[in-house]
Amino acid sequence: MNAVFKRPESLNPALTHFCPGCTHGIAHRLIAEAMDELGIVDRTVGIPGVGCCVFLYTYFPIDVLESPHGRAPACATGMKRAQPDKIIFCYQGDGDMAAIGTSEIIHAANRGENVTVFFINNSVYGMTGGQMAPTTLLGQQTTTSPYGREFKNEGYPIRMAEMLATLEGVAYSTRVSLHSPKHVNQAKKAIIKAFEMQINEMGFSVVEMLSTCNTNWRVSPLEALNVIEREMIPYYPLGVFKERTGKDFL
């Protein structure tokens, strides 16, 4: 019998700690498949933020550097400059990157650090109990916005991929989604593209992935997929916001 589906070699056979229905596991698998196809697993280092993403070392057979909250891009900067032959990626959630780590991500991107950032946007702080994040949608109820986010009090949700795309140092900025097979395939292509940008020394690359948090959204796993389609994508449109084609960009 021919095998038609198998675990990527760059993904450990570990039991998942993610909630049933969470799409973090899909993102992990896509990153592992990309490392397999590009043949870079033996020289890749992962740097997770703090939150649901923190157990990165459990899932990948690579070196992992645990960073302080929001500081993954700063740690990636130091590691890449010290070991430029390594492939460095950050794996951050929206609370980690778009709130606590706003300064680090903006300045690493603006400097054009030749690293890759995978940004999981599920519109809440997942691990700590579903508090409002900078990416929480208007009207969305969380444990710290029980009546729904209101722009007069909490401001508007931040579109990170679009904002980072305006910075000169960014080579590649895109937003994808993990809510259907079609979109998962598109997400994998974006992850490979982001790694290729780093391999070719094009500069900073970021892939924002719209992800579910059905536990804190208080919906079923199936309904969470519908929430992405119905509520998240209209505010966070999918697409490539910047893609550099050559190194001599100035």
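Start with helix α8, residues 181-199 of this predicted model. With 19 residues at 1.5 Å a residue, α8 should span 27 Å, and its end C-alpha atoms are indeed 27 Å apart, so the expectation and the model agree. Now look at which of its residues are tucked away: His183, Val184, Ala187, Lys188, Ala190, Ile191, Ile192, Ala194, Phe195, Met197 and Gln198 are buried. It helps to keep the helical repeat in mind here: with 3.6 residues a turn, residues three or four places apart point the same way. Just past the end of α8, Glu201 takes a positive phi of about 55°.

That stretch of chain brings us to Asn114, which sits in the loop between α5 (102-111) and β4. Is Asn114 buried or exposed? Its relative accessibility is 15%, and because the cut-off for buried is under 20%, Asn114 counts as buried. Leaving aside residues up to four places away in sequence, Asn114 touches Lys80, Met197, Gln198, Glu201, Met202, Gly203 and Phe204. Met197 and Gln198 are familiar from the buried set of α8, and Glu201 is the residue with the positive phi. One of these neighbours also gets a polar contact: the Asn114 side chain reaches the backbone nitrogen of Gly203 at 3.3 Å.

Next, the sheet. It's an open one, with 7 strands in the order β2-β1-β3-β4-β8-β7-β9 and mixed pairing. At its edges you'll find β2 (63-64) and β9 (239-243), each pairing on one side only. Follow β9 inward and you meet β7 (residues 170-177), which pairs with β9 in the antiparallel sense over 4 bridges. Within that pairing, Arg175 stands opposite Gly239 in β9.

Helices pack on this sheet too. Helix α1 (residues 24-38) touches β1 (44-48), β3 (87-93), β4 (116-121) and β8 (204-210), and its direction makes about 170° with that of β3. Helix α10 (residues 221-235) also packs on the sheet, touching β4, β7 and β8, with its direction at about 135° to that of β8.

Finally, how do two helices meet each other? Packed helices are described by the angle between their axes and the distance between the axes. For α3 (residues 72-82) and α5, the axes come within 8 Å and cross at roughly 35°. On the α3 side the contact involves Pro73, Ala74, Thr77 and Arg81, which meet Glu104, Ile105, Ala108 and Arg111 in α5. By type, the residues of this contact divide into 4 nonpolar, 1 polar and 3 charged.

Key: Residues are numbered from 1 along each chain as its sequence is written. This is a predicted model: local features need pLDDT of at least 70, side-chain atom pairs count only at pLDDT 80 or more; totals for chains, interfaces and linings use all residues. Side-chain values use heavy atoms; hydrogens and water are left out. Helices (H or I, at least four residues) and strands (E, at least two) are DSSP runs, numbered from the N terminus. The expected span of a helix is 1.5 Å times one less than its number of residues. Buried means under 20% relative accessible area, exposed over 50%, partly exposed in between (1.4 Å probe, protein chains only). Two strands pair if DSSP finds at least two bridges between them. Contact means heavy atoms within 4.5 Å. Axes are lines fitted to C-alpha atoms, for helices over the stretch in contact, and angles run from 0 to 180 degrees between N-to-C directions. A polar contact is a pair of N or O atoms within 3.5 Å; within protein, one must be able to donate a hydrogen and the other to accept it, and residues adjacent in sequence count only if both atoms are side-chain atoms. Ala, Val, Leu, Ile, Met, Phe, Trp, Tyr, Cys and Pro count as nonpolar, Asp, Glu, Lys and Arg as charged, and the others, Gly among them, as polar.
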